[in-house]
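Dear colleague,

Please find below a structure that I should like to hand over to you. I would be grateful if you would look through it alongside the notes that come after it.

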Amino acid sequence: MRLQKATSFALYAVLELAADPARQITAVEIAEKYGISAHHLAKVLRDLGRAGLVDAVRGVGGGYRFAGNAKRLTLMDVIRLFEDISADTTEPAPPAAGEDIARGLSFVLAELDSQTAATLRSISLSTMLKLIARRPWAVEVEPGPTRRVARR
Amino acid sequence: MARRTVKAPRTEGDAEMEIRTATAADVPGVIALDEEVTGLLKPDYWQDMFERYGARRRESRFFLVAGAAGRIDGFIIGEVRAWEFGSSPSGWIFAVQVRSRLRVHGLGSRLFAAVCDCFRDAGVDRVRTMVARDNTVIHSFFRSQGMTAGPFIELEMRFD
């Protein structure tokens, strides 16, 4: 799946800040680290502040600080502030002649949406930070009966 | 029957809580705990579970309980499964329960760590499980232990 830019920026920011809740970081510092637009990130951080996920600290040495509960806040909680990734139920009704095929495809796509939503609801920021530290994408994987080794 | 206390990381506040292999005397406590959590009384099911996973083939089947002073506050059940659709031997967890008021204090993590120790001792290098898609609590619990999506997909078909 692809997330909108603002959503990705929000996830970068909350994970970066949640990794060390005592630390204050500026939007520019986060933007430089991730190679993204500081202007766009500043807007995203304002939205995160309005949602109570980050606190803005003004003045010299100011910046942003994580204000949420990393054990309770899930990836879905952050994502849904910026976009709706639930199944699209607002599609216009399919033409009668192609109804079965259209409904069949929608059924399969809804299965994917449901899986995606369940995954994002189950991963807290704290779990995500542990996963990042563990780097599971860089270790051996087992795709069924044939083994393969992914290199770091 | 041998009582094996398994090693598992402890957290502050539950130092007196022991995690060990279940015995027949623990079954009523397991039944009561499950009833308290699920609202369903299933004595025959848990008696059968104990006979299958607590009393036989104990080198590859693990029924662990957590408790103190004769009280059961949590349990976890798993077994080593192998070669289902090409899956190499792995630990499989199919039940875990912790008394509601004791949740988020590390007991579930200790039970998970304990059963993983049993799986390692049995010679497997990974653990798998299956959770209901809408059961965010248990899904989040397994995620927090480090579990991620595996290489298999669960499918079902309804008989009409």
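The notes below set out what was found in the structure.

Please bear in mind that this is a predicted model. Its scores are ipTM 0.80 and pTM 0.84. For chain B, the mean pLDDT is 89, with 91% of the residues at 70 or more. As a general caution, predicted coordinates should not be read in detail where pLDDT is low.

Chain A has six helices and two strands. Their order, starting at the N terminus, is α-α-α-β-β-α-α-α. Of the 152 residues in chain A, 21% are buried. If one takes the contacts in this chain between residues at least 6 apart in sequence, 65% of them join residues at least 24 apart.

Helix α1 of chain A, residues 5-18, is a good place to begin. Its 14 residues should span 20 Å at 1.5 Å a residue, and the C-alpha atoms at its ends are indeed 20 Å apart, so expectation and model agree. The buried residues of this helix are F9(A), A10(A), A13(A), V14(A), L17(A) and A18(A). Because they cover an arc of only 150° around the axis, they lie on the same side of α1(A). An α-helix has 3.6 residues a turn, so residues three or four places apart point the same way. The buried residues of α1(A) pack against several elements of chain A, including α2 (27-34), α3 (38-50), β1 (54-57) and α6 (125-134).

Turning to the interior, the largest nonpolar core has 33 residues. Those with the most contacts inside this core are V30(B), L64(B), F75(B), I76(B), L111(B) and V115(B). Among the elements of chain B that each supply at least two residues are α1 (27-38), β3 (71-81) and α3 (107-121). Helix α3(B) gives the most, namely eight residues. Apart from its neighbours within four places in sequence, V115(B) is in contact with F62(B), L64(B), I76(B), G78(B) and I93(B). There is also a second, separate core of 25 residues, which includes L41(A), L45(A), I79(A) and M128(A).

Finally, how many residues of chain A are in contact with chain B? There are 14, and they meet eleven residues of chain B. On the side of chain A that touches chain B, the elements giving two or more residues are α5 (99-122) and α6 of chain A. The largest share, four residues, comes from α5(A). By type, the residues on this side of chain A are five nonpolar, five polar and four charged.

Yours sincerely

Conventions. Residues are numbered from 1 along each chain as its sequence is written. Chains are lettered from A and ligands numbered from 1 in the order in which they are written. This is a predicted model: local features need pLDDT of at least 70, side-chain atom pairs count only at pLDDT 80 or more; totals for chains, interfaces and linings use all residues. The expected span of a helix is 1.5 Å times one less than its number of residues. A residue is buried if 20 or more other C-beta atoms lie within 10 Å of its own, exposed if 12 or fewer, and partly exposed in between; C-beta atoms are placed from the backbone. The arc is that of the directions from the helix axis to the C-beta atoms. Two residues are in contact if their C-beta atoms, placed from the backbone, lie within 7 Å. pLDDT is the predictor's confidence in each residue, from 0 to 100. A nonpolar core is a set of buried Ala, Val, Leu, Ile, Met, Phe, Trp, Tyr and Cys residues joined through C-beta atoms within 7 Å. Ala, Val, Leu, Ile, Met, Phe, Trp, Tyr, Cys and Pro count as nonpolar, Asp, Glu, Lys and Arg as charged, and the others, Gly among them, as polar.
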